[in-house]
Amino acid sequence: MDTPRPYTTQLQAGLGMVRETISILRLWEPGDTTVSLANKAIAQGVFSRSTARRTLNLVREMFAPRFLREAGRSAQVLKVLVEAKVPLDDLTQLFFLHTARAVSCHGS
């Protein structure tokens with residue numbers, strides 16, 4: 001019998017995407033869905049060097065599982081910290097914490 005694997009490529013997709021996460025947090029507003037957020041990022045050219053598909057994948061596979069669970073509570077708090085210009089090293093640690101939490105929740 002196969003046992004569930006808590007680590008997937010979905011969570012691996014966003015490793016090290018700190019600047020991208022900050023850009024998405026700046027753009028995100030409460031009530032945004034994964035698709036509406038990706039569409040905003042595409043329309044505003046947030047990731048000008050990325051294809052529309054890559055932008056959708058960033059939002060869907062990297063951002064949403066970490067920050068949009070529980071009605072976006074994590075995104076709300078982190079957006080405040082980004083706008084308050086909390087140091088990058090501190091934000092990075094918080095992003096990694098949310099990644100670990102997403103893995104933990106995904107595996108249970």
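**Figure 1. How α4 and α5 pack in the predicted model.** Helix axes are lines fitted to C-alpha atoms over the stretch in contact, and the angles between their N-to-C directions run from 0 to 180 degrees. This is a predicted model, in which local features need pLDDT of at least 70 and side-chain atom pairs count only at pLDDT 80 or more, while totals for chains, interfaces and linings use all residues. Residues are numbered from 1 along each chain as its sequence is written, and side-chain values use heavy atoms, with hydrogens and water left out. Helices α4 and α5 pack at an angle of about 95°, and their axes lie 7 Å apart. The angle makes α4 roughly perpendicular to α5 (65 to 115 degrees; under 35 is roughly parallel, over 145 roughly antiparallel and the rest oblique). On the α4 side, the contact (heavy atoms within 4.5 Å) is made by Phe 63, Ala 64, Pro 65, Arg 66 and Phe 67. On the α5 side, the residues that take part are Arg 69, Gly 72, Ser 74, Ala 75 and Leu 78.

**Figure 2. The chain as a whole and its helices.** The chain holds 6 helices and 0 strands (DSSP runs numbered from the N terminus, H or I of at least four residues for helices and E of at least two for strands). Read from the N terminus on, the elements of the chain follow the order α-α-α-α-α-α. Of the 108 residues of the chain, 36% count as buried (under 20% relative accessible area, with exposed over 50% and partly exposed in between, for a 1.4 Å probe and protein chains only). Among the contacts in the chain with a separation of 6 or more, 70% come from residues that are 24 or more positions apart.

**Figure 3. The largest nonpolar core.** A nonpolar core is a set of buried Ala, Val, Leu, Ile, Met, Phe, Trp, Tyr and Cys residues joined through side-chain atoms within 4.5 Å. In this model the largest such core has 23 residues, and those with the most contacts inside it are Ile 24, Leu 25, Leu 37, Phe 63, Ala 75 and Phe 95. At least two residues of this core are supplied by each of α2 (18-27), α3 (34-43), α4 (52-67), α5 and α6 (88-107). The largest share of this core, 6 residues, comes from α4. For a view centred on Ile 24, the residues that Ile 24 touches are Leu 37, Phe 47, Val 59, Met 62 and Phe 63, leaving aside residues up to four places away in sequence.

**Figure 4. The packing of α3 against α4.** Helices α3 and α4 pack at an angle of about 135°, with a distance of 9 Å between their axes. That angle makes α3 oblique to α4. The residues of α3 that meet α4 are Thr 34, Leu 37, Ala 38, Ala 41 and Ile 42. Their partners in α4 are Ala 52, Thr 55, Leu 56, Val 59, Arg 60, Phe 63 and Ala 64.

**Figure 5. Lys 79 and its surroundings.** Lys 79 belongs to helix α5, which spans residues 69-83, and its relative accessibility of 9% is why Lys 79 counts as buried. The side chain of Lys 79 reaches the backbone oxygen of Arg 26 at 2.8 Å, and the side chain of Lys 79 also reaches the backbone oxygen of Trp 28 at 2.7 Å. When residues up to four places away in sequence are not counted, Lys 79 touches Leu 25, Arg 26, Leu 27, Trp 28 and Glu 29.

**Figure 6. Ser 74 in α5 and Leu 94 in α6.** Ser 74 is found in helix α5, whereas Leu 94 lies in helix α6. These two residues are 20 residues apart in sequence and 10.0 Å apart in space, C-alpha to C-alpha. Ser 74 has a relative accessibility of 12% and so counts as buried, while Leu 94, with a relative accessible area of 28%, is partly exposed. Setting aside residues up to four places away in sequence, Ser 74 touches Arg 66, Phe 67, His 98 and Arg 101. With that same exclusion, Leu 94 touches Leu 78 and Leu 81.

**Figure 7. The backbone at Glu 70 and Lys 85.** Most residues other than glycine have a negative phi. Glu 70, although not a glycine, has a positive phi of about 55°. Glu 70 is found in helix α5 and is partly exposed, with a relative accessible area of 44%. Lys 85, which is not a glycine either, has a positive phi of about 60°. Lys 85 sits in the loop between α5 and α6, and its 68% relative accessibility means that Lys 85 counts as exposed.

Definitions and conventions: Polar contact = N/O pair within 3.5 Å; in protein donor to acceptor, adjacent residues only side chain to side chain.
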